[in-house]
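Visitor: Can you walk me through this one? I'd like to go from side-chain contacts to the overall layout.

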Amino acid sequence: MADLSTPARRWRKSLIGWSFILPNFLGFVVITLLPVIAAFGLSFMDWDSYNPPKWIGLKNFERLLNDESTMVALRNTAYYALGHVPLTVLASLGLALLLNRKLAGVGFFRVAAFFPYVTSLVAVAVVWNMLFNPEFGPINQFLSFLGMDVPPRWTTSTTWAMPAVIITSVWRDMGYYMILFLAGLQAIPQEHYEAAKVDGATAWQRFRAVTLPGLRPVTFLVLILLTVQSFKVFDLIVVMTDGGPGRATLVLSQQIYRQGIIEGEFGYASAISLVLFLLVLVLTLTQFWLNNRRER
Amino acid sequence: MKTIAGRVTLYAGLIAAAAAVLVPFLWMISASLKPNNEVFTVPIQWIPQEFRWDNFISIWQRVPLDSYLRNTVFLSSVITLLQVLTGSFAAYGFAKLRFPGRDILFFGYIATIAVPWQAYMIPQYIMMQKAGLTDTFWSLILLQAFGAFGVFLMRQYYLTIPDELCEAARMDGLSEYGIWARVILPLSKPALASLALLTFVNTWNDYMGPFIYLTSNDLWTIQLGLRSFAGQFDADYAMIMTGSVLSVLPILVIFLLGQRYFIQGIATSGMKG
């Protein structure tokens, strides 16, 4: 390898290395990196596409705090995350535990559980809107059958629209996270279960002492991915309720879209997106910190 | 689970889970084959009294489905091809070559994967608008073809290919481009398949990108078309379900054919585009 150290050769080697990365990197810089940096700067400016941008310091953030719609969107986003994250974890972990065994038909179930995730959001939203139909929908027919006199009015009611959206999104996402949990379950050494059995542990005790600790790294990953995903929620809500009824399901991403792309308030919309980014960042870092503390 | 009671509860659980997952699909298919006024009946009819197969014919006259499908196939294929090509090319540089600046660059890629798209969609939109690319396919192709995700996924896979293979090929006088094309690419078929499938399905199902960038009806993808149809003819339940079935069917077939790679891609990366 000695001949590689001559400057000309090293130069050539770097050039070759760069040439591999360049096609993707050029696109990446223009499409992602520059906009990320620009978004940060824009948050401190006043800019509609007609007048030149003007530096206004923290004014956008002041406006944000006093803008009722943005505050409602922030609350709704948090509400959505508080429902979506724990319920998806429970559903996907439950599915993974159920399907992590050798039984006739399990292979089919595993593939089927993944169907909702590859189904387009529009189809999902359209179908669930009909399932949730307050008068004739199958869900309310089922609830009446169970003896509920006044079933919820779901997407037409300000109280029940968000739960309806959450249920739909849990249904859609559980197959995806089930795959991650299944991979985690298969990484737990079988001997640990055998040892626990020899010690006379019941199934529940084995679950508490072997399965849950063994799944910690996966659970951590799933929690982070789900939190980020929840705070970004956009298309499901746009198609299912479009933020309504009223502002009952208006979320942050939608507010960014409305302010920035519909209204052309680039500066203000960027300020909202900076808040969204910081929220996601703080939550992720907190989860990392909690995880590290528990591990010690 | 050796007792009979245990086995019964287990299967009951499995059936309940399968029902929860599949019933919405069954309802969609059943409604797509009904006359419109029989979609919502009390009690529910799971099997249509008479099968209205011509729903699947008349929808093509009601909506420009063929144009929507053509646009979607075009966008998904071009974006997938570019993403796989530039992604695997760059991943070779990141995984198998050493040069100054490499690790800092890679860190830049990883860092932006963590930034939500919503946080920079406004500057992106302004840029596309100034370049006159809004309402063209170019905007979506540029936006989605150079994702960091593909680079990341392929690099993870290339790291598992032993360096000695590349070393041996270098001894044989292959250039780095030759090694990428003739040694690494053939070895990484499973990872290429995973990336291609994930990208294709994600692009096919993407709503937000086309929703923001495409305004002309003749550029719309199937997702936008379906959404607009459902909004315009919101009482045309059976037709809406027919459209949904048609929009889901191609992707479900692709998923079933490649589900092994699909699931592998998700399990190894643990991330989403």
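Visitor: Start with Arg293(A). Which ring face does Arg293(A) lie over?
Guide: Arg293(A) lies over the face of Trp289(A), 4.9 Å from the ring centre. A charge sits over a ring if NZ of Lys or CZ of Arg is within 6 Å of the ring centre and within 35 degrees of the ring normal.

Visitor: And what about Arg260(B)? Which ring does it lie over?
Guide: Arg260(B) lies over the face of Tyr261(B), at 4.7 Å from the ring centre.

Visitor: Where do these numbers come from?
Guide: This is a predicted model, where local features need pLDDT of at least 70, side-chain atom pairs count only at pLDDT 80 or more, and totals for chains, interfaces and linings use all residues. Residues are numbered from 1 along each chain as its sequence is written, chains are lettered from A and ligands numbered from 1 in the order in which they are written, and side-chain values use heavy atoms, with hydrogens and water left out.

Visitor: Okay, rings with rings. How many aromatic pairs are there over all chains?
Guide: A search of the whole structure gives 41. Rings of Phe, Tyr and Trp (its six-membered ring) pair if their centres lie within 6.5 Å; planes under 30 degrees apart count as stacked, over 60 as edge-to-face and the rest as tilted. One of the pairs is Phe142(A) with Phe145(A), which is stacked because the ring centres are 6.5 Å apart and the planes are at 25°.

Visitor: Where are Phe142(A) and Phe145(A) in the chain?
Guide: Both are in helix H6 (residues 138-145) of chain A, and because they are three residues apart there, about one helical turn separates them. Helices (H or I, at least four residues) and strands (E, at least two) are DSSP runs, numbered from the N terminus.

Visitor: Is Phe145(A) buried or exposed?
Guide: Phe145(A) is exposed, because its relative accessible area is 68%. Buried means under 20% relative accessible area, exposed over 50%, and partly exposed in between (1.4 Å probe, protein chains only).

Visitor: Give me a pair from chain B.
Guide: Phe89(B) and Tyr177(B) are stacked, with 6.4 Å from centre to centre and 20° between the planes. Phe89(B) is in helix H3 (residues 65-96) of chain B and Tyr177(B) is in helix H9 (residues 176-187) of chain B, so this pair ties together parts 88 residues apart in sequence. Phe89(B) is buried at 16% relative accessible area, while Tyr177(B) is partly exposed at 36%.

Visitor: Switching to charges. How many salt bridges does the structure hold over all chains?
Guide: There are nine over all chains. A salt bridge is a side-chain nitrogen of Lys or Arg within 4 Å of a carboxyl oxygen of Asp or Glu. One of them joins Glu68(A) and Arg247(A), at 3.3 Å from N to O. That pair links distant parts of the chain, 179 residues apart: Glu68(A) is in helix H3 (residues 68-99) of chain A, and Arg247(A) is in the loop between helix H10 (235-240) and helix H11 (252-262) of chain A.

Visitor: How accessible are those two?
Guide: Glu68(A) counts as exposed at 54% relative accessibility, and Arg247(A) counts as partly exposed at 35%.

Visitor: Any in chain B?
Guide: Arg102(B) and Asp103(B) meet in a salt bridge of 3.2 Å, N to O. Arg102(B) is buried at 15% relative accessible area, whereas Asp103(B) is exposed at 54%. Glu167(B), Arg170(B) and Glu176(B) are joined into one network by salt bridges that share partners.

Visitor: What's odd about Trp154(A)'s phi?
Guide: Trp154(A) has a positive phi of about 40°, although it is not a glycine. Trp154(A) lies in the loop between H6 and H7 of chain A and is buried, with a relative accessible area of 6%.

Visitor: And Asp135(B)?
Guide: Asp135(B) also has a positive phi, of about 60°, and is not a glycine. Asp135(B) is in the loop between helix H5 (121-130) and helix H6 (137-145) of chain B, and is partly exposed at 23%.

Visitor: Last thing: how is chain A divided?
Guide: Chain A has domain 1 (2-42) and domain 2 (66-295), with bounds from an automatic or database domain assignment. The C-alpha centres of domain 1 and domain 2 of chain A lie 37 Å apart.
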